[in-house]
Amino acid sequence: MTKNTLLNIAVVLCEILKLGLVLILIALTAFFIHIQINKDYYKDKELQFSTKDYHYSMTKKWKIDNSMDDKDVYTIDNLKTGSLYFNYLKYIIALVLIFISISEFQKVIKSVKYVETFGIKNVKSFKRIGVCVLVYTIIMSYSSMRFNLGGFSGFGFNLNPLILALAAFIMAEVFKEGNSLKQENDLTI
């Protein structure tokens with residue numbers, strides 16, 4: 001085991017990030033339940049729709065009566081139940097995928113700390129990270145909210161997570177090659 005301060009800090013940061021994700025999941029669930037119990041609390045609280053930078057998107061925003069103000073159509077209390085459940089599940093799955101990715105990255109850091117860098121476990125961890133980020137990108141690419149008097153749907157493809165997924169798959173191949181070289185080296189000794 002190495003006494004690398006940077007690796008120790010990275011492990012602690014991973015733990016803090018995972019705790020933060022759990023707290024966000026709890027807050028999201030509390031918000032979801034509160035909307036179910038007391039929708040009137042959110043009366044006249046308008047939802048804002050924004051687009052992110054560095055991605056391709058197609059969006060469609062519509063309302064039944066175009067003379068109505070957005071503040072009367074796109075409010076939380078007018079959100080349809082099916083749309084509420086869809087978005088809740090979407091974000092819960094996204095949080096779980098991020099949690100799994102951070103956990104796998106933490107495993108890699110710990111293996112480096114214990115001088116087991118080029119083990120096959122790290123190859124599998126990087127592949128899992130790549131798959132999680134890829135699934136996250138697909139899930140988060142579609143947005144849909146249906147209201148009683150209108151709706152919003154959109155498709156946005158962010159390149160940043162895709163680059164991260166590609167990097168994870170490349171790292172898996174690098175560690176796989178490192179594992180092969182390590183095994184060959186162990187056999188020649």
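A polar contact here is a pair of N or O atoms within 3.5 Å; inside protein, one atom has to be able to donate a hydrogen and the other to accept it, and residues adjacent in sequence count only if both atoms belong to side chains. By that yardstick, the side chains of Lys 18 and Gln 106 are joined by a polar contact of 2.8 Å. The model is a predicted one, so local features need pLDDT of at least 70 and side-chain atom pairs count only at pLDDT 80 or more, while totals for chains, interfaces and linings use all residues. Residues are numbered from 1 along each chain as its sequence is written, and side-chain values use heavy atoms, with hydrogens and water left out.

Lys 18 is found in helix H1, residues 5-37 (helices are DSSP runs of H or I with at least four residues, strands are runs of E with at least two, and both are numbered from the N terminus). With a relative accessible area of 14%, Lys 18 is buried (under 20% is buried, over 50% exposed, and in between partly exposed, using a 1.4 Å probe and protein chains only). Leaving aside residues up to four places away in sequence, Lys 18 touches Phe 99, Ile 102, Ser 103 and Gln 106, where contact means heavy atoms within 4.5 Å. Lys 18 and Gln 36 sit 18 residues apart in sequence, and their C-alpha atoms are 27 Å apart in space.

Next come the helix pairs. Two packed helices are described by the angle between their axes and the distance between the axes. In this model the axes are lines fitted to C-alpha atoms, for helices over the stretch in contact, and the angles run from 0 to 180 degrees between N-to-C directions. The axes of H1 and H3 come within 9 Å and cross at roughly 170°. That makes H1 roughly antiparallel to H3 (over 145 degrees; under 35 is roughly parallel, 65 to 115 roughly perpendicular and the rest oblique). H1 passes H3 in a left-handed crossing, meaning that the near helix is turned anticlockwise from the far one by less than a right angle, with clockwise being right-handed. The H1 contact with H3 divides into 24 nonpolar, five polar and four charged residues. For these classes, Ala, Val, Leu, Ile, Met, Phe, Trp, Tyr, Cys and Pro count as nonpolar, Asp, Glu, Lys and Arg as charged, and the others, Gly among them, as polar.

Helix H3 (residues 81-113) packs with H4 at an angle of about 160°, their axes 9 Å apart. H3 is thereby roughly antiparallel to H4. The crossing of H3 and H4 is left-handed, and their contact has 16 nonpolar, four polar and four charged residues. One residue of helix H3 is Lys 107, partly exposed at a relative accessible area of 46%. Not counting residues up to four places away in sequence, Lys 107 touches Asn 122 and Ser 125. The C-alpha atoms of Lys 107 and Cys 14 are separated by 9.9 Å, although the two residues lie 93 residues apart along the chain.

The loop between H3 and H4 holds Val 115. Most residues other than glycine have a negative phi. Val 115, though, has a phi near 55°, a positive value in a residue other than glycine. At 55% relative accessibility, Val 115 counts as exposed.

H4 (residues 120-140) also packs with H5 (residues 159-188), at an angle of about 165° and with the axes 8 Å apart. H4 is thus roughly antiparallel to H5, and H4 passes H5 in a left-handed crossing. The contact of H4 with H5 divides into 17 nonpolar, four polar and three charged residues. On the H4 side the residues include Phe 126, Ile 129 and Leu 134, and on the H5 side Leu 164, Phe 169 and Met 171 are among them.

Last is Asn 158, found in strand S3, residues 150-158. Asn 158 is buried, with a relative accessible area of 18%. The side chain of Asn 158 reaches the backbone nitrogen of Asn 160 at 3.1 Å.
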